[in-house]
Amino acid sequence: MKPVVVIADASPLIALARIQHLHLLREIFTDVVMTEIVQQEVLSGGNFADSVAIRAAIHEGWLQVCHSPSDNDGTHLEWLDPGERSSILLALEYQRNRHTPRLVIDEAKGRAAAQNLSLELIGSAGIIATAARLGLIPQARPLLESLRASGYYLSQTVIELALKSAGE
């Protein structure tokens with residue numbers, strides 16, 4: 001079996017930290033990494049509540065920071081946000097090295113680019129649904145509602161799919 005590595009983009013890290021459930025990534029997946037660019041994005045705002053949890057995860061060692069690959073293979077992702085681009089490029093690098101990468105990414109443009117490159121992906125709502133299915137949280141709905149209440153955009157379709165996936 002090929003090892004699976006999870007590569008997290010900035011938005012899902014911030015979203016899960018915002019609702020005090022960043023730990024779900026550690027509980028669901030064995031290896032969670034982010035690129036140096038994503039690290040800069042999530043920590044550049046100073047010591048706000050979201051960044052404190054992310055800093056702690058890095059310090060504890062379960063959220064690892066990897067180099068940010070350059071786009072020297074002609075993938076042409078310059079139209080994406082730098083964090084999304086670096087996450088996708090890292091996933092492609094892992095894939096070339098016979099790993100099975102999974103991207104944790106929420107933004108529509110980044111998700112579309114990853115899907116076009118045949119990469120596996122999951123979003124914040126998918127993480128919450130998976131946690132509910134695994135019994136790590138009692139229900140997905142309260143966390144999805146907390147995310148929305150915090151100002152994080154989740155479409156009604158995404159929420160409904162996550163609830164269905166969670167069995168709610």
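# Reading a sheet, a pocket and two salt bridges

User: Let's start with the pocket. How do the residues of the lining of the largest pocket divide into nonpolar, polar and charged?

Analyst: They divide into ten nonpolar, six polar and three charged residues. Keep in mind as we go that this is a predicted model.

User: How do you find a pocket in the first place, and what volume does the largest pocket have here?

Analyst: The general idea is that rolling a probe the size of a water molecule over the atoms shows where empty space is left. In this structure, the largest pocket has a volume of about 380 Å³. It is lined by 19 residues, and the closest to its centre are Asp106, Arg111, Ala125, Leu154 and Val158.

User: Which elements give two or more residues to that lining?

Analyst: Look for strand E5, helix H7 (124-133) and helix H9 (156-166).

User: E5 is a strand, so let's turn to the sheet. In what order do the strands sit?

Analyst: Generally, strands of a sheet pair through backbone hydrogen bonds, either parallel or antiparallel. Here five strands form an open sheet in the order E3-E2-E1-E4-E5, and the pairing is parallel. E3 and E5 are the edge strands, each pairing on one side only. Ignoring direction, neighbouring strands of this sheet are turned by 35° against each other on average.

User: How many bridges join E1 to the strands beside it, E2 and E4?

Analyst: Two bridges join strand E1 (residues 4-8) to E2, while five join E1 to E4. You can follow single residues across: Ile7 stands opposite Val33 in E2, and Val6 has Arg102 in E4 as its bridge partner.

User: Why is E1 described as largely enclosed by the rest of the structure?

Analyst: Because four of the five residues of E1 are buried.

User: And which way do the residues of E2 point?

Analyst: From strand E2 (residues 32-35), Val32 and Met34 point one way, Val33 and Thr35 point the other way, and all are buried. E2 is also joined by four bridges to strand E3 (residues 63-66), running parallel with it. One of the residues to trace there is Val32, whose bridge partner in E3 is Leu63.

User: Arg102 came up in E4. Which residue does Arg102 form a salt bridge with?

Analyst: As a general point, side chains of opposite charge can pair when their charged atoms come close. Arg102 forms a salt bridge with Glu120, and the closest N and O atoms are 3.1 Å apart. This pair links distant parts of the chain, with Glu120 in strand E5 (residues 120-122) and Arg102 in strand E4 (residues 100-104), 18 residues apart. Glu120 counts as partly exposed because its relative accessibility is 37%, and Arg102 is partly exposed too, at 27%.

User: How many salt bridges are there by this rule?

Analyst: The count comes to two. Arg26 and Glu60 form a salt bridge as well, with the closest N and O atoms 3.5 Å apart. That pair links Arg26 in helix H2 (residues 23-28) to Glu60 in helix H4 (residues 49-60), 34 residues apart, so these are distant parts of the chain.

User: How accessible are Arg26 and Glu60?

Analyst: Arg26 counts as partly exposed at 37% relative accessibility. Glu60 has a relative accessible area of 52% and is exposed, because the cut-off for exposed is over 50%.

Key:
Residues numbered from 1 in each chain as written. Predicted model: local features only at pLDDT ≥ 70, side-chain atom pairs only at ≥ 80, totals over all residues. Heavy atoms only, no water. Salt bridge = Lys/Arg side-chain N within 4 Å of Asp/Glu carboxyl O. Buried < 20%, exposed > 50% of the residue type's maximum accessible area, 1.4 Å probe, protein only. Pairing = 2+ DSSP bridges. 1 Å grid on protein atoms, 1.4 Å probe; cavity = no way out; pocket = protein on both sides within 12 Å on 5 of 7 lines; lining within 4 Å. Points joined across faces, edges and corners; volume = space filled by probe spheres on them. Nonpolar A, V, L, I, M, F, W, Y, C, P; charged D, E, K, R; others polar. Axes fitted to C-alpha atoms, helices over the stretch in contact; angles between N-to-C directions.
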